[in-house]
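Reader: I am new to this structure and would like to learn how to read it step by step. Could you show me the sequence and the model before we begin?

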Amino acid sequence: MILRREKRTVPQLNTTSTADISFILLVFFLVMTSMDVDKGLQRMLPPADDATEQVTDVSRSNVLQLEITPESRLLADGEALDVSRLRSRVVAFVGNDGSARRRMIMLDVARSASYDAYFNVQNEIVAAYRLLRDSYSKRVYGKAYVLCTPEQREAVRSVYPQRITETILGGREGGAR
């Protein structure tokens, strides 16, 4: 009797679900990975139509002149000022004698100044206005600015309008932003 050997096949792995698992892992890592969010400023820009541009004469006493130098130093009316003291300076300037509607902040920024310096200055200006609006709304409406109705917020914004003009210095595209 002759023994015959059976031809054996090598068992193979079932890989039909490998693509599904890979896709699920990819989606999992994309969803769970935190992305770094860049700092930025939230601003509502004026309309692009030049016909709405207005020229206004402003008294020098109603203007706070801020400048960020190429070395990223802050000057207020030509004098050095630490950014940590800017908020109180803006509050004192804008909230002075009830003439906030006429007050304007002019910010001149050197093109070579760091973005961090610009961001910190803008942040302090916005914080000063937030402080002024909050104290006014508490005094008039008895609640914080963020808790006011849209009509009340508009009334508070009309008392403390944020009037800031920016100019880029030392570049090809100088002019107001």
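**Reading the fold and its contacts**

Author: The protein chain holds 4 helices and 6 strands, and you should keep in mind from the start that this is a predicted model. Read along the sequence, these elements follow the pattern α-β-β-β-α-β-α-α-β-β.

Reader: What share of the residues in the protein chain is buried?

Author: Of the 177 residues in the protein chain, 28% are buried, and a residue is called buried when its relative accessible area is under 20%.

Reader: Which strand can I take as an example of an element that is largely enclosed by the rest of the structure?

Author: Take strand β1, residues 63-68, where 5 of the 6 residues are buried, so the strand is largely enclosed by the rest of the structure. As general background, in a regular strand the side chains alternate between the two faces of the sheet.

Reader: Which strands does β1 pair with, and in what sense do they run?

Author: Strand β1 is joined by 6 bridges to strand β4, residues 104-110, and these two run parallel; within that pairing, Leu 66 stands opposite Leu 107 of β4. With strand β2, residues 74-76, β1 pairs in the antiparallel sense over 3 bridges, and here Glu 67 stands opposite Leu 75 of β2.

Reader: What should I look for in the hairpin of β1 and β2?

Author: Look at the 5 residues between the strands of this hairpin, and at Ser 72, which takes a positive phi near 65°.

Reader: Let us turn to charged side chains. How many salt bridges does a search of the whole structure find?

Author: The search finds 4 salt bridges, and the cut-off to remember is that a side-chain nitrogen of Lys or Arg lies within 4 Å of a carboxyl oxygen of Asp or Glu. One of them is formed by Glu 124 and Arg 87, whose closest N and O atoms are 3.1 Å apart. Glu 124 lies in helix α3 and Arg 87 in helix α2, residues 86-94, so this pair ties together parts that are 37 residues apart in sequence.

Reader: Are the partners Glu 124 and Arg 87 buried or partly exposed?

Author: Glu 124 is buried, with a relative accessible area of 13%, whereas Arg 87 is partly exposed at 35%.

Reader: Which salt bridge links residues that are 4 apart in helix α3?

Author: That is the pair Lys 138 and Asp 134, whose side chains meet with an N to O distance of 3.3 Å; because they are 4 residues apart in helix α3, they are separated by about one helical turn. Lys 138 counts as partly exposed at 48% relative accessibility, and Asp 134 counts as partly exposed at 22%.

Reader: Where in helix α4 can I find a salt bridge between residues 3 apart?

Author: Look at Arg 157 and Glu 154, whose closest N and O atoms are 2.8 Å apart; because they are 3 residues apart in helix α4, residues 150-159, about one helical turn separates them. Arg 157 is partly exposed at 31% relative accessibility, and Glu 154 is partly exposed at 44%.

Reader: How many aromatic pairs are there?

Author: Counting rings whose centres lie within 6.5 Å, there are 4 aromatic pairs. Among them, Phe 28 and Phe 29 form an edge-to-face pair, 5.3 Å centre to centre with 70° between the planes, while Tyr 115 and Tyr 118 form a tilted pair, 6.1 Å centre to centre with 45° between the planes.

Reader: How far apart in helix α3 are Tyr 115 and Tyr 118?

Author: They are 3 residues apart in helix α3, residues 115-141, which means that about one helical turn separates them. Tyr 115 is partly exposed, with a relative accessible area of 40%, but Tyr 118 is buried at 11%. Ring pairs link Tyr 115, Tyr 118 and Phe 119 into a cluster.

Reader: Which charged residues lie over the face of a ring?

Author: Arg 103 lies over the face of Phe 93, at 4.8 Å from the ring centre, and Arg 153 lies over the face of Tyr 145, at 5.9 Å from the ring centre.

Reader: Finally, which residues make a nonpolar surface patch?

Author: A patch of about 1,200 Å² is made by residues including Ile 21, Val 27, Phe 28 and Met 32. Val 27 has its place in helix α1, residues 18-32, and is partly exposed, with a relative accessible area of 35%; Phe 28 is partly exposed at 45%.

Key. Residues numbered from 1 in each chain as written. Predicted model: local features only at pLDDT ≥ 70, side-chain atom pairs only at ≥ 80, totals over all residues. Heavy atoms only, no water. Patch = residues over 30% accessible without salt bridge, like charges linked within 9 Å, V, L, I, M, F, W, Y side chains within 5 Å. Areas by Shrake-Rupley, 256 points an atom, 1.4 Å probe, with all protein chains shown as cover. Buried < 20%, exposed > 50% of the residue type's maximum accessible area, 1.4 Å probe, protein only. Phe/Tyr/Trp six-rings, centres within 6.5 Å; stacked < 30°, edge-to-face > 60°. Lys NZ or Arg CZ within 6 Å of the ring centre and 35° of its normal. Pairing = 2+ DSSP bridges.
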